[in-house]
Amino acid sequence: INSISNYGSDMQNVMGKYSNDFLTAVRTPQSGEIGALITDLLSELNYIDVDELKEPSALTKVIRKIPIINKLVKNVEKILHKYDSIAENVDTISKKIAVTRLSSLRDNNALQTMFENNVVYGKQIEDLIVAGKIKLNEVNSTLNEMIENQDKYEPHQIQDVQEFAHNLERRLSDMMALRYVIKQSLPQIRTVQYNNIAIADKAQSIIATTIPVWKNQLSIAVALHNQRENIEAHRKITETT
């Protein structure tokens, strides 16, 4: 009499566990955290303007001669100090991005295991549904025969078969709903994985490309500025000579 209640219950318990694992995986703040870090990093990079190291315009040179306003005009030392400060922030954020990138990839490995298990469970639940339908057909056939020959059976015997058929039909309905959930979870898991990959790739691109380009641009700007200063010094020496 308990066979229907136990039918497929192990499978449902396993699916419940993996559903909880899936929910835990998608609720992890890695994606949101790495997105915020990327935003902070880009804000730091956008704050930098290498044009500030170019030769000052004639107007700027005039303004620098005014004592009160001169303090408001950025000199090279202040600019380089700002760059050093921002560089420290960039390095700190980059390290955090690298960590969250690894976390996203690690989460994807767990999600892949869950995906593969769901494929297996989907096949197993399908077998249970097919077997249950075969059994239900047999029970309905037996029930029809018993109803046609009620005089050969006790009332409780017919009632037992009716309840068995009813419970089995309800159980099959639950299993078909579970099968639908399993099939639905597969593209959902893939979507989370693809998002993790996209975020990890973006982080890798910023770390491997954007930051080195920024540092290279800054180095060139400083070198050009120093070159201009040296040329100006040589010019003044030549004029003095």
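How many residues apart in helix H6 are glutamate 138 and lysine 135, and by about how much of the helix are they separated? I would like to start from that pair and work outwards, keeping in mind throughout that what we have in front of us is a predicted model. The answer is that glutamate 138 and lysine 135 are three residues apart in helix H6, and are therefore separated by about one helical turn.

Those two residues form a salt bridge, in which the closest N and O atoms are 4.0 Å apart. As for their surroundings, glutamate 138 has a relative accessibility of 44% and so counts as partly exposed, and lysine 135, with a relative accessible area of 38%, is partly exposed as well. In general terms, side chains of opposite charge can pair when their charged atoms come close.

The structure holds two salt bridges, and the other one I want to show you is formed by arginine 179 with glutamate 126, where the closest N and O atoms are 3.0 Å apart. Arginine 179 sits in helix H7 while glutamate 126 sits in helix H6, so this pair ties together parts of the protein that are 53 residues apart in sequence. Glutamate 126 counts as partly exposed, because its relative accessibility is 28%, and buried would require a value under 20%.

Staying with helix H6, which covers residues 76–148, we also find valine 130 there. Valine 130 counts as partly exposed at 43% relative accessibility, and its C-alpha lies 9.2 Å from that of leucine 172, although the two residues are 42 apart in sequence.

Let me now step back to the protein as a whole. There are seven helices and zero strands, so that, reading from the N terminus, the elements run α-α-α-α-α-α-α. If we take the contacts between residues at least 6 apart in sequence, 86% of them join residues that are at least 24 apart. Of the 241 residues, 29% are buried, and the accessible surface comes to about 15800 Å², with 55% of that surface belonging to carbon and sulfur atoms.

Finally, I would like to turn to a pocket. The second largest pocket has a volume of about 240 Å³, and helix H1, residues 3–6, and helix H7, residues 155–240, each supply at least two residues of its lining. Which of the helices gives the most to that lining? It is H7, with seven residues. The residues that line this pocket include Ile1, Ser3, Ile4 and Ser5, and also, from further along the sequence, Asp160, Glu163, Phe164, Asn167, Arg170, Arg171 and Asp174. By type, the lining divides into three nonpolar, three polar and five charged residues.

To close where I began, helix H6 contains the pair glutamate 138 and lysine 135, and the pair of arginine 179 and glutamate 126 links helix H7 with helix H6.

Terms used: Residues numbered from 1 in each chain as written. Predicted model: local features only at pLDDT ≥ 70, side-chain atom pairs only at ≥ 80, totals over all residues. Heavy atoms only, no water. 1 Å grid on protein atoms, 1.4 Å probe; cavity = no way out; pocket = protein on both sides within 12 Å on 5 of 7 lines; lining within 4 Å. Points joined across faces, edges and corners; volume = space filled by probe spheres on them. Helix = DSSP H or I, 4+ residues; strand = E, 2+ residues; numbered from the N terminus. Nonpolar A, V, L, I, M, F, W, Y, C, P; charged D, E, K, R; others polar. Buried < 20%, exposed > 50% of the residue type's maximum accessible area, 1.4 Å probe, protein only. Salt bridge = Lys/Arg side-chain N within 4 Å of Asp/Glu carboxyl O. Contact = heavy atoms within 4.5 Å. Areas by Shrake-Rupley, 256 points an atom, 1.4 Å probe, with all protein chains shown as cover.
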